[in-house]
Amino acid sequence: MGYRKFKADQMFNGTDLLANSILITDDLGKIIAVVNDKDAGEDVEVLAGILSPGFINAHCHLELSHLKNKIPERTGLIEFVYKVVTERHLPEGTILHAMKIAQDEMIQNGIVAVGDICNNILSASVKGKGEIRYYNFIEASGWNPHVAVERFERSRVIYEKYLEEKQNVSIVPHAPYSVSEILWEKITPYFSGKIVTIHNQETIYEDEFFLNGKGELAKMYEMMKIDNAFYKSPGIGSVPSYFEKLSAASSVILVHNTFIKQDDIDYIQKAKGSQQVLSFCLCPNANMYIEKALPPVDLLMHNNVNIILGTDSLASNHQLSIMEEIKTISKRFPSITIETLLSWATLNGANALELNDTLGSFEQGKKPGIVLIENVEEGLINDHTTSRRLL
């Protein structure tokens, strides 16, 4: 087994930016050591840019890749959801081809692991080759209580098939407004010791619906011909209506958080389990695509929560690139350092997906993937910054 030695202008090791450091790996990318450049010897590959561990895409819908450029931008979540539900069904070959192209794109731009939402078994045939590690989230949804048993059984069958494929998998709720109490009761036993993710406060109308049962979400059910007559509003916000149901999970990932408030964060931090890993996943390009809004990144940072990054789907994004998500955040929040942004994209994401034994940082024995970030000017991410996977 041979060795490879990499040197760039800087190295991000998962927590810190280092200068004058050499990364030593075996031929397959397993980390041997990080050493001072004086101690590295010869045969060093010298590169321009920043070396980083591979990126973690903590929230994706690979199975929607065939909807790229099919759904108009900035229509709002209600119209977007309706379009996805009504336009997602195309021939299987078309869907598979789009997923393969999307996966290749993620590999090339430095993504090594994905938290992927699955509504069927189709994407399993694209995964499993080892170039990307997947955690599969089987998404249960069904607002009408009468469909709860049927929807649960469908999710359970898909879950069992992913287990047979020896892939990491959980059954998870889609969103607070799309899971009936009966369906919650069916899926909650599957949370124990698992990673659970949920779309949280992606639209401003979510809290309104739980507070008074009215607003655009109620109109969405009517538009989708979903009988909502059974529903009695709890008179509380969205987060208190569901968060404690996730208490048995080992790791919880709240996705989007576009309209989260301080009261919600306070509630979550008090209600979370003492050993539970809690992460807030940001998908800024999707939020801009759908709602033309960004989550309150500064508020989340002020509360010192674990922030991670996702791309959402090609139905709501023009690409599946964590670097493009970083660029969007950096442009809108220029005070956030590169170290912080890269920690969200690497080690924080690996911790959330429980893959930090091998991914997320340049530590001896890990095999985190190696990414070169290029075109960083004066230590700043800019419109021309790119990323590519080296190993």
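In the predicted model, the largest pocket has a volume of about 900 Å³. Its lining comprises 37 residues, among which Val 81, Val 85, Arg 88, Asn 119 and Ser 141 lie nearest the centre of the pocket. Helices α1, α3 (residues 148–164) and α6 each supply at least two residues of this lining, and the largest share, amounting to five residues, comes from α1.

Helix α1, which spans residues 77–87, also has a set of buried residues, namely Leu 77, Ile 78, Phe 80, Val 81 and Val 84. When the helix is viewed down its axis, these buried residues fall within an arc of 165°, and they therefore line one face of α1. Such an arrangement can be read against the general geometry of the α-helix, in which there are 3.6 residues a turn, so that residues three or four places apart point the same way. The cover over the buried residues of α1 includes helix α6 (residues 216–223) and helix α9 (residues 284–290). Val 81 thus appears in both descriptions, being one of the buried residues of α1 and one of the residues that lie nearest the centre of the largest pocket; likewise, α6 is among the elements that cover the buried residues of α1 and supplies at least two residues to the pocket lining.

Turning to the sheets, four strands form an open sheet with mixed pairing, in the order β5-β4-β1-β6. Its edge strands, each of which pairs on one side only, are β5 and β6 (residues 44–46), and the twist from one strand to the next averages 25°. Within this sheet, strand β1 (residues 3–7) pairs with β4 in the antiparallel sense over four bridges, with Lys 5 standing opposite Ile 24 of β4. Strand β4 (residues 21–26) is also paired with β5 (residues 31–36), again in the antiparallel sense, over five bridges, and here Ser 21 stands opposite Asn 36 of β5. The two strands β4 and β5 form a hairpin with four residues between them, and in the turn Gly 29 has a positive phi of about 95°.

A further open sheet, of five strands and likewise with mixed pairing, has the order β3-β2-β7-β16-β17. The edges of this sheet are occupied by β3 (residues 17–18) and β17 (residues 386–389), each pairing on one side only. Strand β2 (residues 10–12) runs antiparallel to β3, to which two bridges join it, and Met 11 stands opposite Leu 18 in β3.

Notes
Residues numbered from 1 in each chain as written. Predicted model: local features only at pLDDT ≥ 70, side-chain atom pairs only at ≥ 80, totals over all residues. Heavy atoms only, no water. Pairing = 2+ DSSP bridges. Axes fitted to C-alpha atoms, helices over the stretch in contact; angles between N-to-C directions. Buried < 20%, exposed > 50% of the residue type's maximum accessible area, 1.4 Å probe, protein only. Arc of directions from axis to C-beta. Contact = heavy atoms within 4.5 Å. 1 Å grid on protein atoms, 1.4 Å probe; cavity = no way out; pocket = protein on both sides within 12 Å on 5 of 7 lines; lining within 4 Å. Points joined across faces, edges and corners; volume = space filled by probe spheres on them.
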